[in-house]
Amino acid sequence: MTVLFAVTAALVKVIFVLGFVVGLVVPLLTWLERRQSAMMQDRIGPNRADILLFGRRFRAWGLLHPIADAIKMLRKEDFVPAGAHKGLFTIAPVFAMAAPIIVFAVIPFGPTLCWGALWDVAPDPSSCASPTRLQIAHLDAGLLFVFAISSLSVYGYTLAGWASYNKWALLGGLRAAAQMISYEVTMGLAIVGALLVYGTLEPFAMVEAQRDGLMQWGVFRQPLGFILFFVAALAETKRAPFDMPEGESEIIGYFVEYGGMRFGMFMAGEFIEVVGAAAMITTVFLGGPFLPLGIDAALLQSLPHWAYVMAGVAVWGMKVMLLCMLQLAVRWTLPRFRYDQLMKLGWKGLLPASLLNLTATAVFSAWR
Amino acid sequence: MAATVKVVRPIRTWRDEIYLVEVLRGLYVTLRHLFVNVLFRRETTTIQYPEQKAKYPDRFRGLHRLMMRDDGRVRCVACMMCSTACPARCIHIEPAETEDANVEKFPAIFQINELLCVDCGLCVEACPCDAIRMDTGIHPAPVLHRKDALMGKVDLLSRAARSIAVQGGDGPDWRKHN
């Protein structure tokens, strides 16, 4: 495998993941957030933005609203409040948006691609000339990398709160920091149980370990860990019922001084975190790009290799999308926690539960 | 005597405390609405405004209008009953004398400020000669400037009609008809 091939393959994968997450899923989620919530509440939702094509106006079920929103945000005034720290004020949304994007580097989004055997049915991986993992970075410490990077985004929120020169924004930033730190502990401990089960930190190896059957999936081997991780991931995305840091409608959040595309970057970062949480859950608990119950093996034996790989990517996308929709549904079902309830749930509820889960998993693994 | 505070705490079982069961029940409700609305029918009561309009109640009054005599002149005799009855003081009348011996006065200026009007209809109740009515059912239009909401005689008479009520002079004696 030449260097040029490796670089090209890596670039194509980066462009695919960026295009899928930032270019497709995030705009779709901004639409789905409004449309799905409208349907859940017996409303209609956004349906006004239209486009003039061939002399007719097309509304496309409101799907053009993300485009209209982007144009609106880009055309707004680029505003920095008086007294704000200009440099930090500018870099805060970059932290908030970049950190969740980088997490996708270790997420496997498809099975191993075997160049040169695209038309064969079920090519032998060992005889493959240049196997390409559909995963941007193959890191042995993959999940540690995820936690290291996703923790960085909290800098964005606290910096935004501090640099805004606004007491309420500062308090919002503090709330964000406290909440993120509280729930990251649970998140990490919930994952450790899965690490013990799989015996690896590498996401691709985890996905491969879940390939054999439905009962090999993380959800069934680590049910409590799955629930704890899901709740902690919801809290990490800072959306209702854990939207204390923003509280856009009543209490004022850390990005109160932000407007235009600067605010848009916070919003996009939040939605990327939603997709990131869905991708993490798909990888660790839901078998990644593989279907259970022998469907994966049947596809492998019946489809040419390129179609099998495409099917795997599509399955991964479907799983991520469904998990995103579930997160949106939770967001529009539950009201916000009070601050003391939030801390109580995090430190007195989820943390002991995750420790219990870890202990039980460790004892069970050692006993077996 | 010390005040006693009765603290009422909701009774929560362990099932409520772990949240999960109640969260799932909540999700069942919201997702049921989602699927029913997406797959079968829209339960929305939304009115798509520019295309559809809300139906006003039958007794909706709408904008004022002034009525005409048979010869097309304004029926109003500038008696100031309506502007006296008006609780919002939105009617401004400046009377003037007429040549007609049967009609003492007529309004030289008759202005209603639609921004002040509270649509109570008391001016119509007060009017002794069926000169002012609030039966057009026309919704007051939004205006760019406050002065545009001031309706003069021309505006009010543009919606006018001839009233069949007999006014002034030697009208029929209602006692005879009873």
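**Reading helix crossings, sheets and interfaces**

Guide: In this predicted model, the axes of helix H1 (residues 3-40) of chain A and helix H2 (residues 65-75) of chain A come within 9 Å and cross at roughly 105°.

Visitor: How should I class that crossing, and why is H1(A) called roughly perpendicular to H2(A)?

Guide: Angles of 65 to 115 degrees count as roughly perpendicular, and because the axes cross at roughly 105°, H1(A) is placed in that class relative to H2(A).

Visitor: Which residues of the two helices meet, and what is the contact made of by class?

Guide: From H1(A), Pro27(A), Thr30(A) and Trp31(A) meet His65(A), Pro66(A) and Asp69(A) of H2(A), and by class this contact has 3 nonpolar, 2 polar and 1 charged residues.

Visitor: Turning to chain B, in what order do the strands of the open sheet lie?

Guide: The order of an open sheet is read from one edge to the other, and here 3 strands of chain B follow the order S2-S3-S5 with antiparallel pairing. Strand S2 (91-97) and strand S5 (150-151) of chain B each have a single partner strand, so one side of each is left without a neighbour in the sheet.

Visitor: How many bridges join S2(B) to S3(B)?

Guide: Strand S3 (residues 105-113) of chain B is joined to S2(B) by 7 bridges, the two strands running antiparallel; one pairing to locate is that of Ala96(B), whose bridge partner in S3(B) is Phe106(B).

Visitor: How many residues of each chain are in contact across the interface?

Guide: Contact involves 12 residues of chain B and 11 residues of chain A, and the side belonging to chain B has 5 nonpolar, 6 polar and 1 charged residues.

Methods
Residues are numbered from 1 along each chain as its sequence is written. Chains are lettered from A and ligands numbered from 1 in the order in which they are written. This is a predicted model: local features need pLDDT of at least 70, side-chain atom pairs count only at pLDDT 80 or more; totals for chains, interfaces and linings use all residues. Two strands pair if DSSP finds at least two bridges between them. Helices (H or I, at least four residues) and strands (E, at least two) are DSSP runs, numbered from the N terminus. Two residues are in contact if their C-beta atoms, placed from the backbone, lie within 7 Å. Ala, Val, Leu, Ile, Met, Phe, Trp, Tyr, Cys and Pro count as nonpolar, Asp, Glu, Lys and Arg as charged, and the others, Gly among them, as polar. Axes are lines fitted to C-alpha atoms, for helices over the stretch in contact, and angles run from 0 to 180 degrees between N-to-C directions. Angles under 35 degrees count as roughly parallel, over 145 as roughly antiparallel, 65 to 115 as roughly perpendicular and the rest as oblique.
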